[in-house]
Amino acid sequence: MSRVFDVAVRAEASLGEGPTWDAATGRLIWVDILGSRVHTYAPGDGRRTVMATEQHVGAAKPRAGGGLVVNLRDGIGLYGPGGAPFTWLVRDPVPGRRGNDAAVAPDGALWAGTMRYDEAPGGGGLARIAPDGTVTGAVDDVAVSNGTGWSPDGRLMYYVDSPTRRIDVLDCDGRHVGNRRPFAHIEARAGFPDGLTVDAEGCVWVALWDGAAVRRYTPDGRLDRTVELPVRRPTACAFGGPDLRDLYVTTARTGLDRPHPLSGSVLVVPDAGRGLPGTPFAG
């Protein structure tokens, strides 16, 4: 067991999520979904920025030409470099539904998840968004679409529908996925799997909502390491820093009667391993 962590960003985010390292700017990007905010943090000098969005924002990822792609309540939006005006790439509003976690694949496409606000089974899904806005459905009949990541060779995609208490793995040819099967099961008392990341050794790190921990699983699905945290609801994790060796963990306060003082902050586990270089959205 490991208890080694620091506080990267002390905050009170309602639903902090989606940490993403932007190598081009040396910043960590993360969101407060219910607060409709996109945050950045530069560990080199401690500088922080906050940008409001007009809708709940499930994820924000860097674009190849600068700016951000965001998974909003009503679809996928784009911000240009330097806060340039917002435009819709894909607008598909469904009453009672919003965007949730998202990830950029090695080919530069965005894989974006959705869920209903009431978390009804089958109300969400996962889709591939090409740089030109073409949408291809990937996983249907989902309750809470969460962590998505790829093996180092890109041939496997890991995926979480949180209420299943599973991390699943699917074969991936870049544009399509199939042969979905369980990769790891989370015990009932250990919380629910949420956001995940894959490291350079092909191991899967997953944040456990209501589990107060982050776990690392080997490529064969064996539990390898547990990082215990003081907050009940860690939400997602990602490697960052110049050498991609520090593991950043977002956390949430929502739904807690007595949240820990660090709930809603971004925590960091220094020198936790080595992450894979991220790919910006090609659109």
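**Aromatic rings and their charged neighbours**

Arg98 lies over the face of Tyr117, and the distance to the ring centre is 5.8 Å. The model is predicted. A second contact of this kind involves Arg165 and Phe192. Here the charged end of Arg165 sits over the ring of Phe192, at 3.8 Å from its centre.

Ring-to-ring contacts were examined next. A pair of aromatic rings is described by the distance of the centres and the angle of the planes. Six aromatic pairs were counted. One of them joins Tyr79 and Phe86. Their centres are 5.2 Å apart, with 55° between the planes. This pair is tilted, because its angle falls between the limits of 30 degrees for stacked and 60 for edge-to-face. The two partners differ in exposure. Tyr79 is buried, with a relative accessible area of 12%. Phe86 is partly exposed, at 29%. Ring pairs also bring in Trp88, so that Tyr79, Phe86 and Trp88 are linked into a cluster.

Another pair consists of Trp111 and Trp150. The ring centres lie 5.9 Å apart. The planes meet at 70°, over the limit of 60 degrees, so the pair is edge-to-face. This contact links distant parts of the chain. Trp111 belongs to strand S11, which covers residues 110-116. Trp150 belongs to strand S14, residues 145-150. The two tryptophans are 39 residues apart. Both Trp111 and Trp150 are buried.

Definitions and conventions: Residues are numbered from 1 along each chain as its sequence is written. This is a predicted model: local features need pLDDT of at least 70, side-chain atom pairs count only at pLDDT 80 or more; totals for chains, interfaces and linings use all residues. Side-chain values use heavy atoms; hydrogens and water are left out. Rings of Phe, Tyr and Trp (its six-membered ring) pair if their centres lie within 6.5 Å; planes under 30 degrees apart count as stacked, over 60 as edge-to-face and the rest as tilted. Buried means under 20% relative accessible area, exposed over 50%, partly exposed in between (1.4 Å probe, protein chains only). Helices (H or I, at least four residues) and strands (E, at least two) are DSSP runs, numbered from the N terminus. A charge sits over a ring if NZ of Lys or CZ of Arg is within 6 Å of the ring centre and within 35 degrees of the ring normal.
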